[in-house]
Amino acid sequence: VSYGDFEKAKEGFKLLQKFQREDGKIMHELPTSIHVIGVENWEKEYPYYFAAADSTPLYLIALDYYLKCSNDTEFIKQSKESVVKAFCYLLKTDRDGDGLIDNKEGHGWVEGGFLAEGQIREGHTTLYLASLWIESLESAKSLFEFLGESELSKRCEELSSKISLEQFWSNKGYFYHRKLPDGSFGGERTVMGAIPLLFGQVNDNTALEELKLLNSKQITTPWGCRIVSNSDKGYNESGYHEGTVWPLFTGWSALANYRYGEYQNGHSLTLKNLRLVEDWGLGYAQEVINGDRHEPIGCPHQCWSSSMAVLPALKGIAGIEVNERNKTIIWSPYFPSSWNFLKVKNVRSGDSFFNLTILRDETGIRMYPEGDVENYTLIFNPILQADPVPGDRGSFNYLSIGGERTIHPHSYR
């Protein structure tokens, strides 16, 4: 959706809806051999079909974002039953009545090792899942308003008003990762505070305190962000959930930094992910990396790693936000002092395409929009960098997204 392939996104939504469970839960994964195994056998005999707790809230968030960018109203109308089922399923997963959906329904790929102690079987929740729930309530509210479901829209608003992430704040300068069944919290310092930040769910002061941890050497390495602080007693540099660097988390942290004005840190983290494609499998982004050494772990081609190279480039560096529903394009690019120009090609909103270019010379900075701009409100709000990014391994003086060249570095190392 972010780079405008609405047709492919709709195919993905249709697949999720086809295999949506009767109670509304969205699947975690689907094997290519599903028609040989059989859906019923797959659900009974294999643990991963509906193993995730985060897939259903993410589905609602993504579907609302698709509507905003594409204005594909007919498909959303066709998806009404699926949306209602997904929302009603999530309501049932708050087993302890604290207003938060629970991990008892599955994992979010961020719980494992010592981070899973006293967790899924007992039905606690994580900051990650709580943040997704809040965002999915906003998305469901928007979808229900469009679909004419006023009572369900009001229900979303009522639920959202009763939830606060302040309960996860440690008053030690970071968010707790997990809430235990007895109401206490695990004290680990993790990268998970990036999630409520990238959604803009906390106040500026809290966000900036959390970013001090995220941008510190405890979490951030020269090649990305660890899941757990390296000063935590449970830290394990090669443990999948205990200390490795995930490009997924690096991207989250980059977006969190951009959201709260830490542009240089966001830029530096984005470049870390973009450069992964030259480190091991050429053109591919590694699944995870050792927390202490620049060594690959896991598979060499991971979709979430690749997506978190692209998304911060689009939302952070290029700063593109489209809203086809109200015919608005917001362009807030981060423009480093070493760049002479930035060109973003084939920006899509609905069925319209745009090219956006910034040029810098001795006379100043100019912006050139091309395409069907007269039918849109274009808000241009560039963020100009005065100094080079600290610790940056090089600078890009050409970035073209959507054209023949994707990234052309002026200097790499």
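**Notebook: a histidine, some helices and two asparagines**

I began with His241 and, setting aside neighbours within four places in sequence, I found contacts with Trp109, Val110, Glu111, Gly112, Gly113, Leu115, Ile227, Val228 and Trp246. A reminder to myself: this is a predicted model. Where does His241 sit? I traced His241 to the loop between β4 (224-225) and α11 (247-259). Its relative accessibility is 13%, so I put His241 down as buried, the cut-off being under 20%.

**Helix α7**

Next I turned to α7, which runs over residues 127-147. Does its end-to-end distance agree with or depart from the expected span? At 1.5 Å a residue, the 21 residues should span 30 Å, and I read 30 Å between the end C-alpha atoms, so the two agree. I also checked how covered the helix is: 17 of the 21 residues of α7 are buried, so I wrote "mostly covered" in the margin. Just past the end of α7 I came to Gly148, which has a positive phi of about 80°.

Within α7 I picked out Ser136 for a closer look. Buried or exposed? Ser136 is buried, with a relative accessible area of 1%. I then looked for residues that touch Ser136, not counting those up to four places away in sequence, and listed Pro57, Leu60, Ile61 and Leu90. I also noted Leu58: Ser136 and Leu58 are 78 residues apart in sequence, yet their C-alpha atoms are 7.0 Å apart in space.

**α7 against α8**

I followed the chain on to α8 (residues 150-161) and looked at how α7 and α8 pack. Two packed helices are described by the angle between their axes and the distance between the axes, so I took down both. For α7 and α8 the angle is about 155° and the axes are 8 Å apart. An angle over 145 degrees counts as roughly antiparallel, so that is how I describe α7 and α8. I recorded the crossing of α7 past α8 as left-handed.

Which residues make the contact? From α7 I listed Trp133, Leu137, Glu138, Ala140, Lys141, Phe144 and Glu145, and these meet Leu152, Ser153, Cys156, Glu157, Leu159 and Ser160 of α8. Sorted by class, the contact of α7 with α8 has 7 nonpolar, 2 polar and 4 charged residues.

I added a note on Lys154, which is also in α8. Lys154 has a relative accessible area of 46% and is therefore partly exposed. Lys154 and Lys141 are 13 residues apart in sequence, and I read 7.4 Å between their C-alpha atoms.

**α4 and its partners**

My next stop was α4 (55-70). I tried α1 (residues 6-18) first: the axes of α1 and α4 come within 11 Å and cross at roughly 150°. α1 passes α4 in a left-handed crossing. On the α1 side I noted Phe6, Ala9, Lys10, Phe13, Leu16 and Gln17, which meet Tyr59, Ala62, Leu63, Tyr66, Cys69 and Ser70 in α4. I counted this contact by class as 9 nonpolar, 2 polar and 1 charged.

Then I looked at α4 with α6 (residues 80-92), whose axes come within 9 Å and cross at roughly 140°. That angle makes α4 oblique to α6. The crossing of α4 past α6 is left-handed. In this contact, Thr56, Pro57, Tyr59, Leu60 and Leu63 of α4 meet Ser82, Val83, Ala86, Phe87, Tyr89 and Leu90 of α6. How many charged residues does the contact of α4 with α6 hold? I found no charged residues there, with 9 nonpolar and 2 polar.

**Two asparagines with positive phi**

Most residues other than glycine have a negative phi, so I searched for exceptions. I noted Asn71, where phi is near 55°. Asn71 is in the loop between α4 and α5 (73-78). With a relative accessibility of 29%, Asn71 counts as partly exposed.

I also noted Asn346, with phi near 60°. Where is Asn346? I placed Asn346 in strand β10 (residues 341-349). Its relative accessible area is 37%, so Asn346 too goes down as partly exposed.

Note on methods:
Residues are numbered from 1 along each chain as its sequence is written. This is a predicted model: local features need pLDDT of at least 70, side-chain atom pairs count only at pLDDT 80 or more; totals for chains, interfaces and linings use all residues. Side-chain values use heavy atoms; hydrogens and water are left out. Helices (H or I, at least four residues) and strands (E, at least two) are DSSP runs, numbered from the N terminus. The expected span of a helix is 1.5 Å times one less than its number of residues. Buried means under 20% relative accessible area, exposed over 50%, partly exposed in between (1.4 Å probe, protein chains only). Axes are lines fitted to C-alpha atoms, for helices over the stretch in contact, and angles run from 0 to 180 degrees between N-to-C directions. Angles under 35 degrees count as roughly parallel, over 145 as roughly antiparallel, 65 to 115 as roughly perpendicular and the rest as oblique. A crossing is left-handed if the near helix is turned anticlockwise from the far one by less than a right angle, and right-handed if clockwise. Contact means heavy atoms within 4.5 Å. Ala, Val, Leu, Ile, Met, Phe, Trp, Tyr, Cys and Pro count as nonpolar, Asp, Glu, Lys and Arg as charged, and the others, Gly among them, as polar.
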